[in-house]
Amino acid sequence: MYKNIQMFDIPQNDWHPIFTSEKGRITLEKIYQHYDFEAKLSREIYPPTNEIFNAFALCEFENVRVVIMGQDPYHGSGEANGLAFSVKEGIKIPPSLRNIFKELKNEYPEFNLNRSTDLSDWARQGILLINAVLTVEKDKAASHKHYNWELFTNFIISTLSKEKNNLIFILLGKFAQEKASLIDSKKHIILSTVHPSPLSANRGFFGSNIFKACNEALEKLNSGIIDWG
């Protein structure tokens with residue numbers, strides 16, 4: 001019954017039991033039905049199938065210290081790579097990521113604005129970079145928001161909240177902030193602000209000091225700080 005979810009290239013690490021649990025399988029099967037329908041219509045979907053769960057492949061469950069959540073993947077050609085806000089080297093930097101770098105420069109004057117646009121190094125430091133919705137149709141923002149992805153990411157956030165302690169959740173924008181009710185604030189730290197999109201960045205993202213607040217929280221927990229690059 002659940003063979004279709006294997007088409008999603010589920011990570012073969014300690015996330016695998018979570019993805020293939022009863023709730024995980026049921027949710028992913030529902031999503032796949034929508035995804036397969038889109039694919040059969042030859043619609044271009046981002047990120048590529050083998051990169052949808054890149055965030056989980058690069059940041060194992062055991063290693064998660066910080067969760068950065070956005071809305072949905074970039075919808076331009078070649079942009080989305082399975083890590084929220086990240087694009088591969090050589091791809092023109094999207095406005096949201098440019099604004100993230102600007103805020104990091106405000107918070108850390110030594111921050112290199114020309115650092116790699118590929119945020120894999122953040123993932124390897126224990127940051128789970130995910131969106132509320134994990135796929136999108138080309139040139140159509142939020143086009144997959146009704147495909148049950150939010151049920152899946154709700155499941156992921158709830159599982160992290162329940163099974164881990166002292167995580168830092170950075171919720172960027174309304175889609176992400178809706179996850180706050182799933183997080184046990186007695187066990188974890190929730191930091192939130194508006195999305196770094198040009199449409200909202202000037203309404204609270206710039207000047208939020210959210211990345212410095214994350215490192216200050218990690219220091220208080222006697223955990224290593226994040227090297228933002």
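User: Which residues line the second largest pocket?

Analyst: In this predicted model, the lining of the second largest pocket consists of Tyr108, Glu110, Phe111, Lys212, Asn215, Glu216, Glu219, Ile225, Ile226, Asp227, Trp228 and Gly229.

User: How many of the residues lining the second largest pocket are charged?

Analyst: Five are charged, alongside five nonpolar and two polar residues.

User: And what is the volume of the second largest pocket?

Analyst: About 190 Å³ of space lies in it.

User: OK, now the largest pocket. How much space lies there?

Analyst: About 480 Å³. Its lining takes in 29 residues, and those closest to the centre of the pocket are Asp72, Pro73, Tyr74, Ser96 and His195.

User: Which elements give two or more residues to the lining of the largest pocket?

Analyst: Helix H4 (95-107) and strand S3 do. The largest share, three residues, is from S3.

User: What's the class split for the lining of the largest pocket?

Analyst: The lining of the largest pocket holds 16 nonpolar, 11 polar and two charged residues.

User: H4 came up there. At what angle do H4 and H8 pack?

Analyst: H4 and helix H8 (residues 210-220) pack at about 60°, and their axes are 8 Å apart. At that angle, H4 is therefore oblique to H8.

User: Which residues of H4 and H8 meet?

Analyst: On the H4 side they are Ile100, Glu103, Leu104 and Glu107; on the H8 side, Ile210, Phe211 and Lys212. By class, the contact of H4 with H8 has four nonpolar and three charged residues, with no polar ones.

User: Switching to cavities. How many of 30 Å³ or more are there?

Analyst: The count is one cavity of 30 Å³ or more. The largest cavity has a volume of about 30 Å³.

User: What lines the largest cavity?

Analyst: Its lining is made of Ile68, Ala84, Phe85, Ile100, Leu119, Trp122, Leu129, Leu172 and Phe211. Ile100 and Phe211 also appear in the contact of H4 with H8.

User: How do the residues of that cavity lining divide by class?

Analyst: The lining of the largest cavity has nine nonpolar residues, no polar ones and no charged ones.

User: Now the sheet. What is the strand order, and is the pairing parallel or antiparallel?

Analyst: The order is S3-S2-S5-S6, an open sheet of four strands with parallel pairing. Strand S3 (127-131) and strand S6 (189-193) are at the edges; each has a single partner strand, so one side of each has no neighbour in the sheet. From one strand to the next, the twist averages 15°.

User: How many bridges are there between S2 and S5?

Analyst: Four bridges, in the parallel sense, pair strand S2 (residues 66-70) with strand S5 (residues 168-172). Opposite methionine 69 stands leucine 171 in S5.

User: Which helix lies across S2, S3 and S5?

Analyst: Helix H6 (residues 149-163) lies across those strands, and runs at about 155° to S3.

User: Backbone next. Where is the cis peptide bond?

Analyst: The cis bond joins tyrosine 46 and proline 47, with omega at about -10°. Proline 47 belongs to the loop between strand S1 (45-46) and helix H3 (54-58).

User: And what about phi of aspartate 139?

Analyst: Phi of aspartate 139 is near 65°, which is positive in a residue other than glycine.

User: Where does aspartate 139 sit?

Analyst: Aspartate 139 is in the loop between strand S4 (136-137) and H6. H6 is the helix that lies across S2, S3 and S5.

How values were computed: Residues numbered from 1 in each chain as written. Predicted model: local features only at pLDDT ≥ 70, side-chain atom pairs only at ≥ 80, totals over all residues. Heavy atoms only, no water. 1 Å grid on protein atoms, 1.4 Å probe; cavity = no way out; pocket = protein on both sides within 12 Å on 5 of 7 lines; lining within 4 Å. Points joined across faces, edges and corners; volume = space filled by probe spheres on them. Nonpolar A, V, L, I, M, F, W, Y, C, P; charged D, E, K, R; others polar. Pairing = 2+ DSSP bridges. Axes fitted to C-alpha atoms, helices over the stretch in contact; angles between N-to-C directions. Contact = heavy atoms within 4.5 Å. Parallel < 35°, antiparallel > 145°, perpendicular 65-115°, else oblique.
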